[in-house]
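Visitor: I have a structure to look at and some questions about it. Can you guide me through?

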Amino acid sequence: MIVVTGATGGLGSATVEHLLKRVPAGQIGVSVRDPAKARHFADRGVRVRQGSYEDPGDSFAGAEQVLLISGNDPAADLVSLHRRAIDSAVAAGVRRILYTSQHGAAPGNPYQPSDLHLATEAILGDSGVAWTALRNGAYGPLDQVLGPWQRTGEIAQPADGPVPYTDRADIAAATAALLAGDRSVDGPVTLAAPNAVAFDDFAEIASDLTGRTITRVVLDDEQWVAEQIANGVPEQAARFMLTWYQATRAGYFAESGPLLAELLGREPRAIADRLAETV
Ligand SMILES: NC(=O)c1ccc[n+]([C@@H]2O[C@H](COP(=O)([O-])OP(=O)(O)OC[C@H]3O[C@@H](n4cnc5c(N)ncnc54)[C@H](OP(=O)(O)O)[C@@H]3O)[C@@H](O)[C@H]2O)c1
């Protein structure tokens with residue numbers, strides 16, 4: 001059995017949908033905090049069990065593979081929660097754990113979640129079972145990444161660097177391919193679109209798409225933080241996001257890899273196509 005955690009979230013639920021096209025529903029389980037939210041999977045024959053990273057209960061029982069979706073609560077001690085989930089999966093006898101890590105996770109990467117993912121990868125390395133860390137490319141919605149450029153005609157963000165912005169739907173399909181056994185890969189692997197682009201490139205693509213001149217405006221870091229706070233974003237959250245821009249311009253996300261395309265059997269969705277959808 002393949003057990004997917006976070007299956008009531010974006011990536012986990014999309015991965016289960018892809019799995020349902022590939023393996024019999026009876027071989028799929030989900031470990032979710034609120035089983036009521038996963039009723040649509042139970043109705044299709046998926047085993048739904050209650051479990052959290054704090055207390056996975058018996059939700060990993062009988063699993064050969066577990067997909068551990070990284071937690072999303074910035075106030076939680078996520079490394080400890082991931083450790084608990086990993087220990088529970090190992091105790092349940094799983095043969096492989098797949099974990100959603102982050103593209104560019106490396107010592108010194110200023111983007112704050114990088115350290116969490118490296119720490120979780122280290123726990124996996126010590127777990128004694130086979131493991132795969134899916135270092136997923138940045139898949140935030142493009143309107144969030146770029147801000148209100150369609151209204152303002154400007155992509156006004158701090159200085160940035162190249163990032164292979166990736167479609168979460170592609171990552172879900174590729175993750176399902178790995179879980180279904182199309183390929184077996186060990187340790188950390190990059191799952192990201194092949195081409196890294198910066199906001200200058202976005203401005204060019206957006207100009208071509210709209211026939212308007214979309215300008216890239218580089219904001220001073222502190223000016224940007226002040227604007228975020230003025231828009232109601234808590235300062236801590238704004239400074240957290242600032243570490244993302246700092247990481248991009250330090251080049252931590254510049255390199256990608258071929259695995260996503262190989263698992264999909266096609267090119268990952270191009271940034272221009274994704275941007276066109278939002279215009
Ligand atoms: N690569 C990227 O660009 C990127 C972007 C955003 C996030 N991420 C990371 O990737 C993860 C998956 O992304 P997503 O888009 O699917 O996020 P999402 O929609 O927020 O889903 C996160 C899932 O994790 C579950 N979860 C959180 N804390 C948990 C806990 N303590 N015990 C059990 N389940 C827990 C949530 O459960 P509920 O459904 O019960 O809330 C939810 O199903 C995120 O949590 C985050 O760590 C990566």
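Visitor: Which residue in β8 is the bridge partner of Thr-132?

Guide: This is a predicted model. Thr-132 lies in strand β6, which spans residues 130–136. β6 pairs in the parallel sense with strand β8, residues 187–191, over 5 bridges. In β8, the partner of Thr-132 is Gly-187.

Visitor: Which residue in β6 is the bridge partner of Tyr-99?

Guide: Tyr-99 belongs to strand β5, residues 96–102. β5 and β6 pair in the parallel sense over 7 bridges. In β6, Tyr-99 has as its bridge partner Ala-133.

Visitor: β5, helix α4 and β6 make a β-α-β unit; what is its handedness?

Guide: Start with strand β5, residues 96–102. Helix α4 covers residues 113–125. With β6, they make a β-α-β unit that is right-handed.

Visitor: How many of the 7 residues of β6 are buried?

Guide: Buried here means under 20% relative accessible area. Strand β6 is largely enclosed by the rest of the structure, because most of its residues meet that cut-off: 6 of the 7.

Visitor: Is α8 oblique or roughly parallel to α12?

Guide: Helix α8 spans residues 199–210, and helix α12 spans residues 271–278. They pack at an angle of about 55 degrees, with axes 10 Å apart. Their crossing is right-handed. Angles under 35 degrees count as roughly parallel. The angle therefore makes α8, relative to α12, oblique.

Visitor: What feature does UniProt place at residues 6–180?

Guide: Over residues 6–180 the chain is 36% helix and 18% strand. The end C-alpha atoms of that stretch are 18 Å apart. The UniProt entry, which is unreviewed, names the feature there as "domain: NAD(P)-binding".

Technical notes
Residues numbered from 1 in each chain as written. Predicted model: local features only at pLDDT ≥ 70, side-chain atom pairs only at ≥ 80, totals over all residues. Heavy atoms only, no water. Buried < 20%, exposed > 50% of the residue type's maximum accessible area, 1.4 Å probe, protein only. Helix = DSSP H or I, 4+ residues; strand = E, 2+ residues; numbered from the N terminus. Pairing = 2+ DSSP bridges. Right-handed = clockwise from strand over helix to strand, strands pointing away. UniProt positions renumbered as here; feature names shortened; annotations may be inferred. Axes fitted to C-alpha atoms, helices over the stretch in contact; angles between N-to-C directions. Parallel < 35°, antiparallel > 145°, perpendicular 65-115°, else oblique. Left-handed = near helix turned anticlockwise from the far one by under 90°.
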